[in-house]
Amino acid sequence: MGNEATCKVKFGKQQLEGKALLETSEILFRGDFRLKIPFSTIKSAKAVDGELRLQTAQGAVVFGLGSAAEKWRDKILHPKSRIEKLGVKPEAVVSLLGDFDAEFLGELDKLTKSVSKGKVAADSEWIFFAADSKEGLGALPRISKSMKGAAALWMVYPKGQKHITENDVLAAGRKTGLKDVKVVGFSPTHTALKFVIPVKRR
């Protein structure tokens with residue numbers, strides 16, 4: 001996906017190697033020390049000679065990213081909106097299963113009036129399923145059977161929880177015969193995994 005890189009980081013007098021992760025609204029670095037840099041604290045971002053050079057509230061931070069430096073800089077300076085990352089198009093037919101925050105409902109409302117809540121509309125192009133527990137994943141077989149053609153299912157689940165993990169969601173989706181194709185940060189507290197019907201079965 002290009003949003004994860006093993007690289008060297010210069011921070012203050014320290015220069016260490018570790019893994020950098022470009023999230024929706026922050027950069028994380030895990031190595032001999034850890035860094036969390038929210039985009040909102042970045043005062044400037046430049047790509048110079050394969051380095052992503054940031055001026056942040058914590059001081060200057062330099063990531064040795066090679067050819068990815070410019071791409072990361074652009075994503076920091078011009079982040080995509082949540083709806084853009086999810087791929088939902090204007091006037092799309094959307095179905096919502098489970099509870100979603102008011103902000104997301106407002107974003108959808110600006111985009112399309114064809115939103116079904118609590119059940120999958122017959123001609124749904126996008127299905128959003130909020131799963132808060134492993135038990136809740138039991139609804140997946142029924143949901144997958146209602147999908148047609150190129151319809152997409154976004155599974156939205158809490159980050160960093162033991163009672164439902166990414167592996168739980170992946171296993172449940174694959175068990176119903178769906179293919180996982182994308183993951184995005186849905187919010188500071190939730191992740192979204194996209195599933196589709198494999199092309200050969202459409």
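Which residues lie nearest the centre of the largest pocket? In this predicted model, L22, E23, T24, V184 and G185 hold that position. The close-up views below present the pocket and then a set of paired strands.

**View 1. The largest pocket and the residues nearest its centre.** The volume of the largest pocket is about 1300 Å³. Its lining comprises 44 residues, and L22, E23, T24, V184 and G185 are those nearest the centre.

**View 2. Composition of the lining of the largest pocket.** Strand 12, residues 179–185, supplies the largest share of the lining, with 5 residues. Classed by residue type, the lining contains 16 nonpolar, 12 polar and 16 charged residues.

**View 3. The hairpin of strand 5 and strand 6.** Strand 5 (residues 42–48) and strand 6 (residues 51–56) run antiparallel and are joined by 6 bridges. One bridge pairs I42 with T56 of strand 6. Between the two strands of this hairpin lie 2 residues, and D49 in the turn has a positive phi of about 50°.

**View 4. The hairpin of strand 6 and strand 7.** Strand 6 also pairs with strand 7 (residues 59–64), in the antiparallel sense and over 6 bridges. E51 has G64 of strand 7 as its bridge partner. The hairpin connection from strand 6 to strand 7 passes through 2 residues. In a regular strand, side chains point alternately to one face of the sheet and the other.

Technical notes: Residues are numbered from 1 along each chain as its sequence is written. This is a predicted model: local features need pLDDT of at least 70, side-chain atom pairs count only at pLDDT 80 or more; totals for chains, interfaces and linings use all residues. Side-chain values use heavy atoms; hydrogens and water are left out. On a 1 Å grid over the protein atoms alone, a cavity is a set of points where a 1.4 Å probe fits but cannot get out, and a pocket is an open set with protein on both sides within 12 Å along at least five of seven lines; lining residues have an atom within 4 Å of a point. Grid points are joined across faces, edges and corners, and a volume is the space filled by probe spheres set on the points. Helices (H or I, at least four residues) and strands (E, at least two) are DSSP runs, numbered from the N terminus. Ala, Val, Leu, Ile, Met, Phe, Trp, Tyr, Cys and Pro count as nonpolar, Asp, Glu, Lys and Arg as charged, and the others, Gly among them, as polar. Two strands pair if DSSP finds at least two bridges between them.
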